[in-house]
Amino acid sequence: MGREELIYNSLVDIAGEDLVSNEPEDLYIYSRDGGTTKPRRVDYVVSPKTVEEVQKIVILANKENVPITPMGGGLTLNGLVIPVRGGIVIDMKRMDRIIEVNESSRYVIIEAGVSQGALMSYLKKNYPDLQHSMPEAPSIATVVGNLLIRGHGSLSQYGDNSNMLNGIEVVLPTGEICQVGSCSTSPHWFSKGPLPDLAGLFVGWFGTTGIVTKASLRLYPRPEKRDMVLFATQNPDLIPDVICKITQTRMADNIGMMEQEKPEYMKGYQFIGVIISGDSEEEINYKKKVLGKIPQACGDSENKVTLLEEIPPSSKERFLEEPPFAAVAADFRKGGGFQYCGIMMPIEKVPEAWRRGIEIAHKHGMLFQCANQVMSAGHEVMFGFNYSFNRADEKDVERAKKAMEDTNKLGLELGGIPWKADLQAQKQIVEKMDPNTFELMKKVKKLLDPNGIMNPGNWEG
Amino acid sequence: MALKDYKDIIHRCFRCGYCKFTSDYSYLGFNCPVYSKYRLESYSPGGMMWLIYASLVKGELKPSKHLSQILYSCTMCRNCSQECKFKFNEDIVNILKAAREEMVDKQLVPQIVGQFLTNVYDYGNPYRELKQNRDNWAENTEIKHYEKGDEFLYYVGCVGSYDTVSQKAARALGSVLLKSGLPFGFLGSREVCDGNEVDMLGEKGLFEFLKEENTQIFKELGVKKIVTLSPHSYNALKNNYSNEFEVFHYTQLLRDLVKSGKLDVSRGFKAKVTYHDPCFLGRYNNEYDAPREILTAIPGVELVEMERTKENSFCCGGGGGNFYTDILGSGKDSPSRIRVREAHDTGANILAVACPVCMMMLEDALKAEGLEDELAIKDISEVMNAALL
């Protein structure tokens, strides 16, 4: 029996025939995503159901020295779960159990394949007083995948979603099953514990240090009512001050910003949407009243911020919908291709990012479209430069790819850092990184993954 | 439309995955029956769209038997078209059908699909049964053949005519219609396959042939109104045949007969009943109320809904010819077994259906799950027949 056949048969023994494939059609789908990343080779795909099956796959991969790439929803659009050096893609979505909800300590323990939509639906039905921070991703995105790439969601007042992680179960690259957080020492998954923060060994590593199979995620009280306040300005220089004043009120669940050049009437306007919540109309109205005074304190008669008293229903729906239908932006060009460059940056860099982002989009023959999110109390902003393209037109794909590269470069130049960085952006980041930091990353990787089987090619500089 | 007519649309799918869910993202699982079974992205509606584009439009992949296996695993339940958020959603199932037409042209259909189509061509049904046996289900009943002047043609379809489980439903409906006093009759050996599955499997030419044959017979006999046992027949006759016939699914007719007092259900039927929406009645033809109105009109029936119901209903796995081809296969994660477990979870003792295909699929699943002592599959016509005075 040849090595390829042996690996295939071993995977079938582990997961079952229907859940393993090395057929070109199945591999085709796993070799590409909706972004501009060029397709890369995949040799096998397997969809395990249990942590023990994942463990067996990891042991097999070590024995046969074949790369493995764990995949959640596969929606980063940056090629992070398309193997760089071939091997096995582990589609985690069959591990989809919601194991426990602790109402007192407000957390949920889930398996790695639970989708955002499924968790939202489960909580609404069974625990209507609780919610999780729902990202602006399609509902098929996995909760754990989002945590591991430092995603963010509808409750960004509490920071990005990885801040909401209490603990994880992880299969290490050498096959051991390991628990991290309070669950390592206690039956309860209530916090990371007063322990060394080992979760950091797996968050932001793009599956290069282990396969997370379970996670405990913090839940938050769900208020009775949600509403929003919408501001607009034509001067991006005012934005840091506006954000600062909004966060100073401590009334925003979430702050989003957007601009798009189409339709024409939106061109040149930056919109700031503030999601608020409360248990009564009085509470909502009070928050609206306080936030409504902010424009008076910002800018002057020439450069002003306007409170939009009458919000068009479609805009309101766009901001308040649960889950948010962010994918609508992806169809801007009606071409089935979409990628965005999310740059995590300090708030004061937003005006320059805005202006130069427009220049980059126009340079590459694209319309400017951005969607940004403020984290915590204005501690950080995810500035998202969106590039919708026609995947049937190779020139258009190439234009979007070039725009992405230029945008990542801009982000780093402004002191920001590309979020969920693709291979090109990883390289750009590493070039700017303190060499000792990168050496530390390499040492950690070598220690955890001595055979280099975990999603190799990522974070290699 | 042919696949080339979708060339400006087909690449627009992002694989964003809304098509896999119900409208409320039910945590019970995914609502695409194929993806629920296989759980590889290639078997999701988006995966299929990308594969069709790659193989039949762009030429990146050579059309193959495995591609054919993937494309023919789809039950055409239309959940994807309903849940896709984009404007091209209506085209998803049409694109898949057009791709199947190409697979037929390239002679790349799975062997079992080829067998289905050949049988329909040769015998007028997929079972290789003789035409004269189409009468057998009505033996020892008073249900008669259609005669000129009858108000309704009772179109039974292949599954109700030949499948021994579904024949119970065919007889029960015949019995109910007799009790209503409506002048009706069935075609028996003159009936030909309605072609709904043939159309779904991409054999356009054969579908047109069947349509013409049936239409000719209907015209010869002066048929004006048709009542169908199967939602599959209803879909084909109502939406794809000439509009000179008025077509009803039997639940619509029975609902009206109960309302008008021509059927008296006051004898009642004591049972806790849950109802499974057939895709070709619900998602294809937006009829969710008639079956429920019948059930709730029957004294003693306590109707309880499953978690996934109406437009969110989960397909039994039998559509698109899968009741015969069985490409989706059996096993714990097969759609019919998932659905039977869901019905069992309601605490109902009757799982009511309004489709002979659903009936045979769920009956098999019930046995596989070992739930025969706790749950029974019954067609709504059987429930009604028992309730009639």
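This report walks through the cores, the chain contacts and two spots in chain B of the structure above. The model is a predicted one.

**The cores**

Let's begin inside. The largest nonpolar core holds 180 residues. Those with the most contacts inside this core are B:Ile52, B:Tyr154, B:Phe218, B:Leu254 and B:Met384. If you would like one residue to look at, try B:Met384: setting aside neighbours within four places in sequence, B:Met384 is in contact with B:Val176, B:Leu254, B:Val258, B:Leu263, B:Val265, B:Ile294 and B:Ile298. Apart from the largest core lies another, made of 56 residues, including A:Tyr44, A:Ile90, A:Leu165 and A:Ala199.

**Where the chains meet**

Next comes the interface between chain A and chain B. Its main values are gathered here.

| Item (chain A and chain B) | Value |
|---|---|
| Residues of chain A in contact with chain B | 49 residues |
| Residues of chain B in contact with chain A | 40 residues |
| Area buried between the chains | about 3,700 Å² |
| Salt bridges | 6 salt bridges |
| Polar contacts (both residues at pLDDT 80 or more) | 14 residue pairs |

Of the buried area, 61% is on carbon and sulfur atoms. On the chain A side, A:Glu25, A:Ile29 and A:Arg391 lose the most area to chain B, together 19% of what that side buries. A salt bridge links A:Lys93 with B:Glu41, and the closest N and O atoms of this pair are 2.8 Å apart.

Which elements of chain A each supply at least two residues of the side that touches chain B? They are helix H2 (24–30), helix H4 (116–126) and strand S16 (336–345). The largest share, 7 residues, comes from H4(A). By type, the residues of this side of chain A divide into 22 nonpolar, 12 polar and 15 charged.

**Two spots in chain B**

Now to helix H11 of chain B, residues 231–240. This helix is mostly covered, with 7 of its 10 residues buried. The buried ones are B:Pro231, B:His232, B:Ser233, B:Tyr234, B:Asn235, B:Ala236 and B:Leu237. At the start of H11(B), B:Ser230 has a side-chain oxygen that reaches to within 3.0 Å of the backbone nitrogen of B:His232.

One of those buried residues, B:Ser233, also leads to our last stop, as B:Gly157 touches B:Ser233 along with B:Arg134 and B:Glu191, not counting residues up to four places away in sequence. B:Gly157 is found in helix H7 (residues 157–162) of chain B. Is B:Gly157 buried or exposed? B:Gly157 counts as buried because its relative accessibility is 2%. Finally, B:Gly157 and B:Gly188 are 31 residues apart in sequence, and their C-alpha atoms are 9.5 Å apart in space.

How values were computed:
Residues numbered from 1 in each chain as written. Chains lettered and ligands numbered in written order. Predicted model: local features only at pLDDT ≥ 70, side-chain atom pairs only at ≥ 80, totals over all residues. Heavy atoms only, no water. Core = buried A, V, L, I, M, F, W, Y, C linked by side-chain atoms within 4.5 Å. Buried < 20%, exposed > 50% of the residue type's maximum accessible area, 1.4 Å probe, protein only. Contact = heavy atoms within 4.5 Å. Buried area = accessible area lost by both parts, 1.4 Å probe. Salt bridge = Lys/Arg side-chain N within 4 Å of Asp/Glu carboxyl O. Polar contact = N/O pair within 3.5 Å; in protein donor to acceptor, adjacent residues only side chain to side chain. Helix = DSSP H or I, 4+ residues; strand = E, 2+ residues; numbered from the N terminus. Nonpolar A, V, L, I, M, F, W, Y, C, P; charged D, E, K, R; others polar.
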